[in-house]
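Grab your favourite viewer and work through these exercises at your own pace. Try each task before reading the solution under it.

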Amino acid sequence: MNMPPIVSPQEWEAARDELLVKEKELTRARDALAAERRRMPRMAVEKDYAFDGSAGRVSLLDLFEGRRQLVVYRFFFEPGVAGWPESGCRGCSFMADQVAHLAHLNARDTTLAYVSRAPQADIERWKARMGWEIPWYTITDDFDADFGVDEWHGTNAFFRDDDDRIFRTYFIDKRGDEALGSAWSYLDMTALGRQEEWEDSPEGYPQTPPYGWWNLHDEYAEATVFEAALSDAAASQRGSRSRRS
């Protein structure tokens, strides 16, 4: 291997500082891109889609679980996929292993769900083997073809308004999917974003102070009530530094 040179601590710090400038540029560019996503036009979902869930037949609206936003990943687990029926797509499985605890997404009024063509009995068995707790539904109609995930994996974001109308707001596939998994990466692709005050969002979007809403995943009391993130009780759980933020 043609390795880089060995240098002194001072030279290493100087090289790191030089690269840090570019890393900060990348972070700001990523924030700007997310701000553009929040201004993307929305596509109304006109068809009624049906899925099989662990408790029976459900609609696309049901997949929101009462929250404002929904992120749906199409996982290839079905006849024809290598390893079926004992296992699913290796790449999709790699992604599922990266998914952060869902409580943090839920705290921003956002639900993550997986969909596949596999029957529920096979999905439940596969989830149990792999230790995944992501809500996972069986596609029963043209949902995958209509949203660009019939022949390849992909992640769609949806928004639900006060009248329960559903809109498609963004879509990520191919190598874009490999960066997903953290709560931040999913929120950055949604219509409302992270919903923190520093973000460049259209007027009227829900926003709270950064850090203020963060919590232990088993201590979110009211995950979709933004006022809960600002309460003294919530702040006390995170220490004096977060209260000053």
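**Exercise 1. A ring pair and its surroundings**

Is Tyr-114 buried or exposed, going by its relative accessibility? Then work out how its ring pairs with Phe-75 and which parts of the chain that pair connects.

*Solution.* One thing to keep in mind throughout: this is a predicted model.

Step 1. Tyr-114 has a relative accessibility of 0%, so it counts as buried. Phe-75 is buried too, with a relative accessible area of 0%.

Step 2. Now the geometry. A pair of aromatic rings is described by the distance of the centres and the angle of the planes. For Phe-75 and Tyr-114 the centres are 5.8 Å apart and the planes make an angle of 40 degrees. Planes under 30 degrees apart would be stacked and over 60 edge-to-face, and this pair is tilted.

Step 3. Place the partners. Phe-75 is in the loop between strand 4 (69–74) and helix 3 (90–98), while Tyr-114 belongs to strand 5 (residues 110–116), so the pair ties together parts that are 39 residues apart in sequence.

**Exercise 2. From one pair to a cluster**

Describe the pair made by Trp-132 and Trp-136, then find which residues the ring pairs link into a cluster.

*Solution.*

Step 1. Trp-132 and Trp-136 also form a tilted pair, 6.0 Å centre to centre with 40 degrees between the planes.

Step 2. Check the burial: Trp-132 comes out at 8% relative accessibility and Trp-136 at 4%. The cut-off for buried is under 20%, so Trp-132 counts as buried, and so does Trp-136.

Step 3. Follow the ring pairs and you get a cluster of Tyr-73, Phe-75, Phe-77, Trp-84, Tyr-114, Trp-126, Trp-132 and Trp-136. The structure as a whole holds 19 aromatic pairs.

**Exercise 3. Charges over rings**

Which ring does the charged end of Arg-74 sit over, and which ring has Arg-42 over its face?

*Solution.*

Step 1. Arg-74 puts its charged end over the ring of Phe-76, 4.0 Å from the centre.

Step 2. Arg-42 lies over the face of Phe-159, 4.6 Å from the ring centre.

**Exercise 4. Reading the sheet**

Lay out the strand order, pick the edges, and then locate the bridge partners of Phe-51.

*Solution.*

Step 1. The 8 strands form an open sheet with mixed pairing, in the order 1-8-7-4-5-6-2-3. At the edges are strand 1 (43–44) and strand 3, each of which pairs on one side only.

Step 2. Strand 2 (residues 50–53) runs antiparallel to strand 3 (residues 56–59), with 4 bridges between them. A hairpin of 2 residues makes the connection from strand 2 to strand 3.

Step 3. Strand 2 is also antiparallel to strand 6 (residues 136–139), through 2 bridges.

Step 4. Phe-51 has bridge partners in both neighbours: Val-58 in strand 3 and Ile-139 in strand 6.

**Exercise 5. Backbone oddities**

Where is the cis peptide bond, and what phi values do Asp-109 and Lys-174 have?

*Solution.*

Step 1. Start from the usual expectation: most residues other than glycine have a negative phi, and most peptide bonds are trans.

Step 2. The bond from Trp-84 to Pro-85 is cis, with omega near 0 degrees. Pro-85 is in the loop between strand 4 and helix 3.

Step 3. Asp-109 has a positive phi of about 60 degrees. You'll find Asp-109 in the loop between helix 4 (102–106) and strand 5, and at 12% relative accessibility it counts as buried.

Step 4. Lys-174 has a positive phi as well, near 50 degrees. Its loop runs between strand 8 (166–173) and helix 7, and at 54% relative accessibility Lys-174 counts as exposed.

**Exercise 6. The largest pocket**

What is the volume of the largest pocket, and which helix gives the largest share of its lining?

*Solution.*

Step 1. The volume is about 260 Å³. Among the 15 lining residues, Arg-30, Arg-37, Ala-179, Ser-185 and Asp-188 are the closest to the pocket centre.

Step 2. Helix 1 (9–37) and helix 7 (183–188) each supply at least two lining residues. The largest share, 5 residues, comes from helix 1.

Step 3. By type, the lining splits into 8 nonpolar, 2 polar and 5 charged residues.

Methods. Residues are numbered from 1 along each chain as its sequence is written. This is a predicted model: local features need pLDDT of at least 70, side-chain atom pairs count only at pLDDT 80 or more; totals for chains, interfaces and linings use all residues. Side-chain values use heavy atoms; hydrogens and water are left out. Rings of Phe, Tyr and Trp (its six-membered ring) pair if their centres lie within 6.5 Å; planes under 30 degrees apart count as stacked, over 60 as edge-to-face and the rest as tilted. Buried means under 20% relative accessible area, exposed over 50%, partly exposed in between (1.4 Å probe, protein chains only). A charge sits over a ring if NZ of Lys or CZ of Arg is within 6 Å of the ring centre and within 35 degrees of the ring normal. On a 1 Å grid over the protein atoms alone, a cavity is a set of points where a 1.4 Å probe fits but cannot get out, and a pocket is an open set with protein on both sides within 12 Å along at least five of seven lines; lining residues have an atom within 4 Å of a point. Grid points are joined across faces, edges and corners, and a volume is the space filled by probe spheres set on the points. Ala, Val, Leu, Ile, Met, Phe, Trp, Tyr, Cys and Pro count as nonpolar, Asp, Glu, Lys and Arg as charged, and the others, Gly among them, as polar. Two strands pair if DSSP finds at least two bridges between them.
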